[in-house]
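I opened the model to look up empty space, packing and backbone outliers. My notes follow in the order in which I took them.

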Amino acid sequence: MTRQIVTALIAGSALFAAAGEPVVLKNFTDSARCTLKKPFASLSADGATLRIDTTASENEWNPVFLTNPGVLKPSTAYVATFRCRVEEPDMDAKFLHFLSRPVSAGNAALDTMRQNEGDSATFRPVRIKFRTGNAADYAFQIHTHRKLKGEITDFRLVEGLGEDYYPATPDAAPCTDSPGPLPTGAKEFSVHPPSNPGGAVVEAAAFGLSADAADNVDALNRALEHCRETGAAKLAVAPGTYRMTADRPVRLERMRDFIFDGGGATFVWHKKREANFQLDGCERVVMRNFKMDWEWEKDPLASLVEVVDASDSHVDFRFCEYETFPRRDLRIAIVSSYDPATKSVGIEGGFDRGFEFFAGRNRPETEWLSGNVLRVRGRNLSPFRRGQLFRMQHYYYDMNGFVMSDNRHLTLEDIDIYSCAGHAFVVSGLQQYWEFRKVNIAAPAGVPRRLITCTADHCHIARSRGFFKMEDCEFSLGADDCLNAHDCSGYAEKSGTHSVTTRNVKFIDTFRPGAPVELRHGDYSPTGFRSAVKSVRPVDAEKGMHEITFEDPVPEPVDRGFILFNWTYDTRNIIVRNCFFHDNRARGILLLGRDITLENNHFRHNEMGAIKIETGYTFNAWSEGYGADNIVVRNNRFDGVNPRDVGNDGKARDIYMGVYMKTDPSTQRTDYPILSNILFENNTFKDSYGLVAFISSAGNVTFRNNTFTNPTPRRDPLPYRAAFYVTNATGVRIVNNRYIASPNVPNPGVYADPDSVKGLVAAGNTVVSE
């Protein structure tokens, strides 16, 4: 059967929700259903246009409009359509902020939609889809960020999303049409081992390394420098526990054909700054056979706390595992809802609250009420309730375990990371051909109070030249993503015939003369421009503005400016095999690259979902990824991977494919398939909280021969549980998947936005008894 026939058949069976959708609100005149916040909001004479003016306000955020409590139903889908404009638009400095939030909520923890608009001085159409949560007082709200004048007209709020639905059925016939070209994933490759048969074996103890020493950083550095100067083949460390207290890293720099053999030793750090290990410019180097830890008795990285009192102005935390907490000057970086059953963060309805991500910035006011009860004062503390449990982090983005740059053919193997402050691994520069083999980030067995391993990402690839392999590794209990693999893009506007001026480029030093740079339009569609950098000069360095001049003339932008891809870097050809990612805060893996294979891995209880395939740019924060292409995810297990019900466009999901544009988070999508050629096959998904996958801004995506089983009820039984949602996508195939019949999955199958999805095939998806 051809694809066209299959598509036609399933389109004929779609359930259209568009007909008869009830209008909840039309314009802004019904005071019984909506509220205008004066003096910032007023109406035109005919009531059709909302006029907004917050130029007299000194507040950063100003509410101007909301639907009244009870107008929106809990756990219900809506669409808001309107046209809006802002005088003298500048999204860096001001914008309209649309959100779905309970009126009683004091912060954004329960938001199911946030979107910024206001980049046009003339009226531009906007369509926002969202779903309310299970609270009774959700409201569609409009706020402003900083001072602005603007207008909103032709407003209409309608219940329902107008989605097509293609159900999985017990008698579904298999889809037998040809799938067309499928992605192949990463190519196999080898990381070259050291080859130094004539090199000496050096004993680290000869340079002062000692279990009795107060610090061993300098001793290791002396030994490593001797190895580099003499061309030694190996540095051998005797078994033992070594204290590491100097505020400088152990350095492996420009080493060739060398082995660092830890001899089973444990290195225990306690310091204030700098990485534990720094590896720069090495080639054919192996680090193996040791353990890394932090001095918890003096300085815990995180603590289990219980709320014993709470109000809008303060929260009292009791440190559950201490009579007297060892640091009276502790830092509170972030608190995350804690599950005593799994002994990790991530519970249904849970939340995070950030206080001091970076040391010394925005430290809250605290007071010790006793040896183990701490009062924290601040604003917007209403989500805290007596009896709640949290993991309180005392570190976040800090010193890091391994910082690696510009290495080639690097192997890390048989390494246990019990804990570290910051990311466990950070990769940048021209790093290429490296591997982790039996590298485990896990708390030591039988040791109390170990709620956390690394206090940020387990492995963060900020930019690289690719060819990375992970095999037989365990990443767990970290404070952020297990693996985040990307390059950094940027945003700029045309400023001359051959030049652009950056508005947001994180690593301007990487745009060196000769660097190959591609310009994309603001929707990620190609401009056809790729040229070498000729020069870079600062315009306003404090604001991140630099003029980049190219060898070739710059085209005219379709929108406001361009996204910059610096192809000096290319994080690609990644293989992740036989690994276990579990019980971490945030996501399992973020894939923002190309030529990637994930196979035979186990994802369990990843707080915010298992896999994110995305790319995005902002005007004033991070801009990451050059898109994604040629990704294969096969034979993996996904088990309860979004316990905190984190979602996109109001929909919780295990797998997310999409973009953020101009702001993050963002509900904007692009019809250009910047995420393309993606295959999920033969995977098992158990206990999805919401969707199996949210698919958007994508092309040629296939989910086939996967199995979905959902035996566990949820507190909030979502109607789309274990289904798929597709929007702004082309050539998506969801075929021959198998649902184990469950009363917890009322609507198995595929939902799609008919206005933005083309070439969808949803067939052969069947429901079977166990």
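**Cavity**

I started with enclosed space and found that the largest cavity has a volume of about 70 Å³. The model is a predicted one. I counted one cavity of 30 Å³ or more.

I then listed the lining of the largest cavity: Arg-463, Asp-487, Cys-488, Ser-489, Val-505, Phe-507, Thr-510, Phe-511, Asn-566, Tyr-569 and Tyr-626. Sorted by class, this lining has six nonpolar, three polar and two charged residues.

**Second largest pocket**

Next I turned to open space. I noted a volume of about 680 Å³ for the second largest pocket. Its lining has 29 residues, and those closest to the pocket centre are Arg-127, Thr-667, Gln-668, Arg-669 and Asn-728.

I asked which elements give two or more residues to this lining. They are β8 (113-117), β9 (124-131), β51 (651-662) and β56 (724-735). The most comes from β9, which gives six residues.

By class I recorded 13 charged, nine polar and seven nonpolar residues in the lining of the second largest pocket.

**Cores**

I looked up the largest nonpolar core and found 123 residues in it. The members that touch the most other members are Phe-260, Phe-425 and Phe-436.

I took Phe-260 and listed its contacts, leaving aside neighbours within four places in sequence. The list holds Leu-220, Leu-224, Leu-235, Val-237, Leu-252, Phe-267, Phe-277, Val-286, Met-287, Arg-288 and Phe-290.

Another core, of 30 residues, lies apart from the largest one. I noted Cys-34, Val-64, Leu-72 and Leu-157 among its members.

**Helix α2**

Two of the Phe-260 contacts, Leu-220 and Leu-224, led me to α2, where both are among the buried residues. The helix runs over residues 217-230 and has 14 residues. From first C-alpha to last I get 20 Å, close to the 20 Å expected at 1.5 Å a residue.

I wrote down the other buried residues of α2 as Val-217, Ala-219, Asn-221, Ala-223 and Cys-227. I then checked what covers the buried residues of α2, and the cover includes β13 (201-203), β14 (234-236), β15 (241-244), β16 (250-253) and β17 (256-269).

After α2 comes Gly-231, with a positive phi near 70°.

**Backbone outliers**

I looked for positive phi in residues other than glycine and noted His-409, at about 55°. His-409 sits in strand β29 (residues 408-417). Is His-409 buried or exposed? Its relative accessible area is 5%, so I entered His-409 as buried.

I also noted Asp-472, which is not a glycine either and has a positive phi near 60°. This residue is in the loop between β33 (468-471) and β34 (474-476). I entered Asp-472 as partly exposed because its relative accessibility is 40%.

My last entry is a peptide bond. The one from Lys-38 to Pro-39 is cis, and its omega is near 10°. I placed Pro-39 in the loop between β2 (34-36) and β3 (41-43).

Key
Residues numbered from 1 in each chain as written. Predicted model: local features only at pLDDT ≥ 70, side-chain atom pairs only at ≥ 80, totals over all residues. Heavy atoms only, no water. Core = buried A, V, L, I, M, F, W, Y, C linked by side-chain atoms within 4.5 Å. Buried < 20%, exposed > 50% of the residue type's maximum accessible area, 1.4 Å probe, protein only. Contact = heavy atoms within 4.5 Å. 1 Å grid on protein atoms, 1.4 Å probe; cavity = no way out; pocket = protein on both sides within 12 Å on 5 of 7 lines; lining within 4 Å. Points joined across faces, edges and corners; volume = space filled by probe spheres on them. Helix = DSSP H or I, 4+ residues; strand = E, 2+ residues; numbered from the N terminus. Nonpolar A, V, L, I, M, F, W, Y, C, P; charged D, E, K, R; others polar. Expected span 1.5 Å × (residues − 1).
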